[in-house]
Amino acid sequence: MTNTLDPVALERLRPLIELELRRLLQGPYSGDGLRIAALLRQVFIHLCGGHRSRDEQRRFLCFAAPIAREVAVGCAATGLMLEEVKRSLLQFNQWFYRLQTFDPVCTRIVELYYFGGLNARDTAAIMGLSRESVIRELRFAKAWWLQARMREFS
């Protein structure tokens, strides 16, 4: 790997990211899908080392957030998680694809924030938005998610 996390280096890391995430999600941790961003940070340290700059870490998390979402949903779909977490992730995935059809910017923000573990300031910098816009989009996404879940139970 090179000294910087350029797009080519990140793409070469893709299979290793997927493998490490699957291993962590299937281990004793198996199923608390709500801390996937924390696992992704562990993967970053394992694959890239802890001596990387904040910018490199942010670039890695931005690249790996969609991978983390896909791997988590894949583990849930194959039954490798606790039933409650599995059901929640599969519902989330359906909701995510519905939201993506009319608000792809919001879904990318959700992915970066919840799966990449990026804060609102870093997410805003990556997306070229203000921090307030990111927070507004996250509030909208959360409200829409809660409404979608309530419709399923009624």
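In this predicted model, the sulfur of Cys-62 lies 14 Å from the closest cysteine sulfur, which belongs to Cys-48, and this separation is too far for a bond. A disulfide would require the two sulfur atoms to lie within 2.5 Å, and a search of the whole structure accordingly finds zero disulfides. Cys-48 is likewise in no disulfide, the nearest cysteine sulfur being that of Cys-62. Both cysteines are nevertheless removed from the surface by the criterion applied here: Cys-48 is buried, with a relative accessible area of 4%, and Cys-62 counts as buried at 16% relative accessibility.

The packing of two helices was examined next. Helix α4, which spans residues 83–102, packs against helix α5, residues 104–115, at an angle of about 145°, and the axes of the two helices are 6 Å apart. On the α4 side the contact is made by Leu-89, Phe-92, Trp-95, Phe-96, Leu-99, Gln-100 and Phe-102, whereas α5 contributes Pro-104, Cys-106, Thr-107, Val-110, Glu-111 and Phe-115. When these residues are sorted by class, the contact of α4 with α5 comprises 10 nonpolar, two polar and one charged residues.

Several residues of this contact also take part in aromatic pairing, for which the count in the structure comes to 10 pairs. In one of these, Phe-92 and Trp-95 form a tilted pair, with a centre-to-centre distance of 5.3 Å and an angle of 45° between the planes. Both residues lie in helix α4, where they are three residues apart, or about one turn of the helix. Phe-92 counts as buried at 12% relative accessibility, and Trp-95 is also buried, at 2%. The rings of Phe-102 and Trp-144, by contrast, have their planes at 75° and their centres 5.2 Å apart, so that this pair is classed as edge-to-face. Because Phe-102 lies in helix α4 and Trp-144 in helix α7, the pair ties together parts that are 42 residues apart in sequence. The two partners fall into separate accessibility classes, since Phe-102 is partly exposed, with a relative accessible area of 47%, while Trp-144 counts as buried at 16% relative accessibility. Phe-92, Trp-95, Phe-102 and Trp-144 are among the members of one aromatic cluster, which also includes Phe-96, Tyr-97, Phe-115 and Trp-145.

Helix α7, the element that holds Trp-144, extends over residues 131–153 and also contains Ser-133. Ser-133 is buried, with a relative accessible area of 18%, and its side chain is joined to that of Arg-136 by a polar contact of 3.1 Å.

Two further buried positions were considered together with their contacts, leaving aside residues up to four places away in sequence. Ala-72 is placed in helix α3, residues 54–77, and has a relative accessible area of 0%, so that it is buried. Its contacts are with Leu-25, Ile-36, Met-81 and Leu-89, and Leu-89 is also one of the α4 residues that make the contact with α5. The C-alpha atoms of Ala-72 and Gly-128 are separated by 27 Å, the two residues being 56 residues apart along the chain. Thr-123, placed in helix α6, residues 120–127, is buried as well, with a relative accessible area of 0%. Thr-123 touches Ile-109, Leu-112, Tyr-113, Leu-118 and Val-134.

Two glutamines were assigned to the partly exposed class. Gln-57 lies in helix α3 and counts as partly exposed at 23% relative accessibility; when residues up to four places away in sequence are not counted, Gln-57 touches Arg-41 and Phe-44. From C-alpha to C-alpha, Gln-57 is 14 Å from Tyr-113, and these two residues are 56 residues apart in sequence. Gln-42, in helix α2, residues 36–48, is partly exposed, with a relative accessible area of 45%. The C-alpha atoms of Gln-42 and Glu-20 are separated by 9.2 Å, with their positions 22 residues apart along the chain as counted by sequence separation.

Note on methods: Residues numbered from 1 in each chain as written. Predicted model: local features only at pLDDT ≥ 70, side-chain atom pairs only at ≥ 80, totals over all residues. Heavy atoms only, no water. Helix = DSSP H or I, 4+ residues; strand = E, 2+ residues; numbered from the N terminus. Buried < 20%, exposed > 50% of the residue type's maximum accessible area, 1.4 Å probe, protein only. Polar contact = N/O pair within 3.5 Å; in protein donor to acceptor, adjacent residues only side chain to side chain. Axes fitted to C-alpha atoms, helices over the stretch in contact; angles between N-to-C directions. Contact = heavy atoms within 4.5 Å. Nonpolar A, V, L, I, M, F, W, Y, C, P; charged D, E, K, R; others polar. Phe/Tyr/Trp six-rings, centres within 6.5 Å; stacked < 30°, edge-to-face > 60°.
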